[in-house]
Amino acid sequence: MDSMLAFLAPWMSRQRWYGGKGREPSLRLEATWELASPAPAEARVLVHLVADEATLPAVTYQIPVVERETAAVDIDSEHVIGSPVPGTTLIDGPFDPAFTAALEALITRGGGEAGIEGTPIGEAVHAEPRTASVLAGEQSNTSIVYRGERDSMICKVYRQVHAGLSPDIELSAALSAAGSIYVPRAIGFVSATRADPRDPAGTWSGSLAFGQEFLADVEDAWRVALRAAAEDRDFTAEARSLGNATADVHRTLAELFPTRPAGPDDRAAVFRAWERRLSIAVAEVTPMADLADAVHDIYDAAGRGPWPSLQRIHGDLHLGQVLEVADHGCVLLDFEGEPMRPMRERTEPDLALRDVAGVLRSLDYVVGSLRVEDGRSPEGMQSWARHTRRAFLDGYSAASGADVEQAGLLLVALELDKAVYECIYEARNRPEWLGIPFGGVERLLARAARFA
Ligand SMILES: Nc1ncnc2c1ncn2[C@@H]1O[C@H](COP(=O)(O)OP(=O)(O)O)[C@@H](O)[C@H]1O
Ligand SMILES: O=P(O)(O)O[C@H]1O[C@H](CO)[C@@H](O[C@H]2O[C@H](CO)[C@@H](O)[C@H](O)[C@H]2O)[C@H](O)[C@H]1O
């Protein structure tokens with residue numbers, strides 16, 4: 001196994017989903033399961049959980065691997081993990097038919113081996129042949145699209161694995177079961193159970209994968225908005241409809257899951273999370289040090305003002321998480337919350353306004369990215385940005401019955417917190433885009449001055 005980990009570490013460090021950017025992973029094997037695959041092939045399908053101790057706290061990753069005879073391997077070298085045993089090659093599971101077939105069977109038919117369980121949910125999909133391919137693009141996880149004549153499915157293989165049911169599965173499946181038209185239909189999920197490393201008498205379980213209906217030939221709202229802004233075309237109808245959808249999802253989540261008034265402990269926890277992020281940003285983004293005191297003052301004031309009740313929310317809502325479906329409208333994806341936030345915070349009731357702030361930041365990114373990529377003048381785009389922002393807020397207020405503008409400084413603080421998060425995200429992943437959220441922090445501080 002040590003030789004497998006020695007091959008895994010350099011390969012993992014090159015993957016988009018690897019969170020410890022710039023570091024060499026320091027891996028420890030936590031668990032391995034072998035899956036039966038319906039695909040006719042001489043191959044073993046293994047699912048490993050490995051802890052990466054290069055970061056603190058350690059992060060657990062899921063690595064599905066297919067072991068094949070080297071002579072039979074015909075795949076792009078990028079998806080080859082290595083050959084720790086001469087004559088045998090390890091392949092990244094999502095790119096091998098033996099793994100994709102095993103996963104499809106678990107999600108659509110259920111069952112599993114000791115420790116791995118597939119749970120189909122909702123209406124069963126048709127038993128038919130489907131072709132599997134990995135979705136291209138910048139992702140935190142790895143998604144496999146299964147295309148069939150009658151039912152197509154997208155299955156997300158979670159790369160970072162946490163204890164408990166993933167909030168993505170928990171919330172998306174509950175919304176789908178409640179008949180929400182704003183999420184894809186849920187099809188099934190896979191979980192793993194093993195002895196708890198912290199308490200050998202207990203068990204640990206976590207989510208490995210989630211299958212949803214695949215909506216073919218759709219674009220995400222980020223691409224649609226970018227095109228509209230680049231051509232100075234109106235995007236207010238789409239923004240208003242996203243406001244309606246966000247409010248409707250919040251209303252349904254508040255009916256399905258517990259809500260509570262924001263007590264002193266809740267406020268203190270949110271405030272600590274704002275401050276923690278700010279201090280990470282100061283450490284990683286040099287110019288942030290000059291703005292930190294001003295940001296802190298806004299957090300302080302917003303923490304003392306009126307707060308609405310807390311409820312379950314999306315947690316990382318941005319235009320890239322929204323599909324624009326023709327003759328239907330917006331569909332919201334990926335209820336996992338922000339990947340950098342501790343999981344125990346992501347599953348707690350939170351401020352619904354956090355999602356509103358997420359979309360507002362994303363609209364600011366549309367203008368910012370056109371400036372960075374195309375050298376467009378921000379002045380020329382100000383009117384597009386203002387109208388689009390207004391339309392989103394109007395749509396949200398109309399559908400929720402609450403005037404979001406009343407939130408005043410709290411909304412500004414949440415936008416600031418998101419922009420601070422984005423500064424960290426960009427510094428780690430896309431340094432050339434750092435100016436977009438950093439400029440956002442400066443503008444939000446100017447806006448906050450109106451509430452002084
Ligand atoms: N049900 C779906 N139908 C069509 N495309 C989807 C669906 N779910 C996800 N996608 C596509 O996959 C991309 C990544 O999905 P997402 O859930 O955000 O993954 P990640 O957590 O890895 O970021 C989305 O931006 C979208 O383009
Ligand atoms: O991988 P996820 O989709 O869970 O989200 C992470 O990556 C996003 C970038 O892909 C990042 O979003 C930021 O960039 C977007 C444009 O690419 C922009 O629309 C968002 O407003 C901005 O936050 C997201 O923050 C991060 O969690």
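## Two domains, two ligands and a helix that links the views

Helix 7 crosses helix 11 with a left-handed turn. In this predicted model, that crossing is a good place to start. Helix 7 covers residues 292–304, and its axis comes within 9 Å of the axis of helix 11. The two axes cross at roughly 140°. An angle over 145 degrees would count as roughly antiparallel. Helix 7 and helix 11 are therefore oblique to each other. From helix 7, the contact takes Val295, Ile298, Tyr299, Ala301 and Ala302. Helix 11 answers with Leu409, Leu410, Val412, Ala413, Leu416 and Val420. By class, this contact of helix 7 with helix 11 has 11 nonpolar residues, no polar ones and no charged ones.

Now turn to helix 9 and its crossing with helix 11. Here the axes come within 9 Å and cross at roughly 60°. That angle makes helix 9 oblique to helix 11. The crossing of helix 9 and helix 11 is right-handed. Helix 9 brings Leu353, Arg354, Val356, Ala357, Gly358, Leu360 and Arg361 to the contact. On the side of helix 11 are Leu410, Leu411, Leu414, Glu415, Lys418, Ala419 and Glu422. The classes in the contact of helix 9 with helix 11 are eight nonpolar, one polar and five charged. Leu410 of helix 11 appears in this contact, and it also appears in the contact with helix 7.

Helix 9 and helix 11 lead on to ligand 2. Helix 9 spans 353–374 and helix 11 spans 408–429; each supplies at least two residues of the shell around ligand 2. The largest share, three residues, comes from helix 9. In total, 16 residues surround ligand 2. The closest are Ser140, His318, Arg361, Ser362 and Tyr365. Arg361 is also one of the helix 9 residues in contact with helix 11. The shell around ligand 2 divides into five nonpolar, five polar and six charged residues.

Step back to the domains. The domain assignment gives domain 1 as 2–213 and domain 2 as 219–451. Their centres, taken over C-alpha atoms, are 30 Å apart. Domain 1 puts 15 residues into the contact between the domains, and domain 2 puts in 20. On the side of domain 1 that touches domain 2, eight residues are nonpolar, five polar and two charged.

Where does ligand 1 lie with respect to these domains? Domain 1 and domain 2 both give residues to its shell, so ligand 1 lies between them. The shell around ligand 1 holds 20 residues, with Gln139, Asn141, Pro184, Leu215 and Asp334 the closest. Strand 9 (153–157) and strand 11 (199–213) each supply at least two residues of this shell. By class, the shell around ligand 1 has eight nonpolar, seven polar and five charged residues.

Two backbone details complete the tour. Most residues other than glycine have a negative phi, and most peptide bonds are trans. The bond joining Leu56 and Pro57 is cis, with omega about -5°. Pro57 sits in the loop between strand 2 (43–52) and strand 3 (59–69). Asp327 has a positive phi, near 60°. Its place is the loop between strand 13 (322–325) and strand 14 (329–332).

Terms used. Residues are numbered from 1 along each chain as its sequence is written. Chains are lettered from A and ligands numbered from 1 in the order in which they are written. This is a predicted model: local features need pLDDT of at least 70, side-chain atom pairs count only at pLDDT 80 or more; totals for chains, interfaces and linings use all residues. A residue is near a molecule or strand if its C-beta atom, placed from the backbone, lies within 6 Å of it. Helices (H or I, at least four residues) and strands (E, at least two) are DSSP runs, numbered from the N terminus. Ala, Val, Leu, Ile, Met, Phe, Trp, Tyr, Cys and Pro count as nonpolar, Asp, Glu, Lys and Arg as charged, and the others, Gly among them, as polar. Domain bounds come from an automatic or database domain assignment. Two residues are in contact if their C-beta atoms, placed from the backbone, lie within 7 Å. Axes are lines fitted to C-alpha atoms, for helices over the stretch in contact, and angles run from 0 to 180 degrees between N-to-C directions. Angles under 35 degrees count as roughly parallel, over 145 as roughly antiparallel, 65 to 115 as roughly perpendicular and the rest as oblique. A crossing is left-handed if the near helix is turned anticlockwise from the far one by less than a right angle, and right-handed if clockwise.
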